[in-house]
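Welcome, and thanks for joining this short tour. Please open the structure in your viewer and keep the selection tool at hand.

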2 protein chains.
Amino acid sequence: MYSLCDDIEQYIIKLIEGSPDQTITIQRGRLANEFDCAPSQINYVLATRFNVFRGFIVESRRGGSGYVRIRRVPIDRLEPVVVYLDDNEEYLRESDVEDLVNWLEREDFITAREGALIQAATIDALNKIADLDFSSVADRNRLRARIFREILLQILRWVE
Amino acid sequence: MYSLCDDIEQYIIKLIEGSPDQTITIQRGRLANEFDCAPSQINYVLATRFNVFRGFIVESRRGGSGYVRIRRVPIDRLEPVVVYLDDNEEYLRESDVEDLVNWLEREDFITAREGALIQAATIDALNKIADLDFSSVADRNRLRARIFREILLQILRWVE
DNA sequence: CCTCCCTTGACTATTATTGACCTTTTAATA
DNA sequence: TATTAAAAGGTCAATAATAGTCAAGGGAGG
């Protein structure tokens, strides 16, 4: 079954495989033109085939001489933790953060200093927003989970 | 994908790196002439790439023998940044965070990876809390500043 | 039919570039 | 000295060039 989507995916993958650093930089408009499709089709392909969970990261810039950069990165065992955070958003207490950070350190996913940074962002900072009208425990836990989640995704994406 | 803007930026950076005191003095008109562009283009590059958040200070003088002086400023302590965060809480936009993080990286206060973690916590995470009834821009900026601030304090406290 | 992808297009957001007009400083000259 | 022209640089708004988002519709397989 023919699919434009798959075509574009294959095309991009070929480009990446042919690049020395597993990174390509393209222009959305030009690519859309080559495939004679709507530009947003490219976004669809990027969102469904080149997201972090499939081991790619995408950066872009709008405006004159804008671009889309696609990079292949190795993925590892962090994914399940992200899923856990998604499922348990409103129950992520401070102590849970501490446990997770300890685990991440033990598993050598993060350095001790990075662990300290994470705790600063998800514990200390959230203890100092009493004035910000954001007091429900569940909401605070959710906020904590979102911050933690994004940090984890960042670790997942990271390549030296 | 050619970008005049990026070209001018690179050119200026080269000049600065080749100067003994990280300072260069140029003439807007002459530079604009070299790049065959509108003089105000130079102002645009200065405003977007060489502002304080990115660690540069620009001074200038008009009139006969006018000039534009661009200086890369080292910071030796993080406290001024923390003070800045306290004073400008409600105006700390995403782009300010990006610029500050880049600065911190260049000054070797943080690693590139730590920079990525900070951005995850203060940008990505805050873009995903629309449902958390926490939508005022100023409040969001404040929250961003608090998180950033705690992370910085953590870095300040950190000893290997 | 129903669902899940795919595909499109209208609308939005961001970044770069240019040009018209304004301000400041210096230098020549009345 | 006062005036004025020339030589800088500054500001701002309009336009162009990208990319992003979102909702609606289409079609193939169950």
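## Stop one: a pair of helices

Begin with chain A and select helix α5, residues 94-106, together with α6(A): the two pack at an angle of about 165°, and their axes are 10 Å apart. Angles over 145 degrees count as roughly antiparallel, so that is how α5(A) and α6(A) lie to each other. Turn the view a little and look at how they pass: the crossing of α5(A) with α6(A) is right-handed.

Now show the side chains. From α5(A), pick Glu94(A), Val97(A), Glu98(A), Val101(A), Leu104(A) and Glu105(A); they meet a set in α6(A) that includes Ala112(A), Gly115(A) and Ile118(A). Colour this contact by class and you will find six nonpolar, three polar and three charged residues.

## Stop two: where the chains meet

Next, bring chain B into view. Here 26 residues of chain A are in contact with 25 residues of chain B. On the chain A side, α6 (112-124) and α7 (137-157) each supply at least two residues. Which helix gives the most to this side? Select α7(A), which contributes nine residues. By class, the chain A side has 14 nonpolar, four polar and eight charged residues.

## Stop three: the DNA

Finally, select DNA strand C. Of the 28 residues around the strand, the nearest are Ser40(A), Gly63(A), Cys5(B), Ser40(B) and Gly63(B). In both chain A and chain B, α1 (4-17) and α3 (39-49) give two or more residues to this surface. Colour the surface by class for a last look: ten residues are nonpolar, 14 polar and four charged.

As you explore, keep in mind that this is a predicted model.

Technical notes. Residues numbered from 1 in each chain as written. Chains lettered and ligands numbered in written order. Predicted model: local features only at pLDDT ≥ 70, side-chain atom pairs only at ≥ 80, totals over all residues. Near = placed C-beta within 6 Å. Helix = DSSP H or I, 4+ residues; strand = E, 2+ residues; numbered from the N terminus. Nonpolar A, V, L, I, M, F, W, Y, C, P; charged D, E, K, R; others polar. Contact = placed C-beta atoms within 7 Å. Axes fitted to C-alpha atoms, helices over the stretch in contact; angles between N-to-C directions. Parallel < 35°, antiparallel > 145°, perpendicular 65-115°, else oblique. Left-handed = near helix turned anticlockwise from the far one by under 90°.
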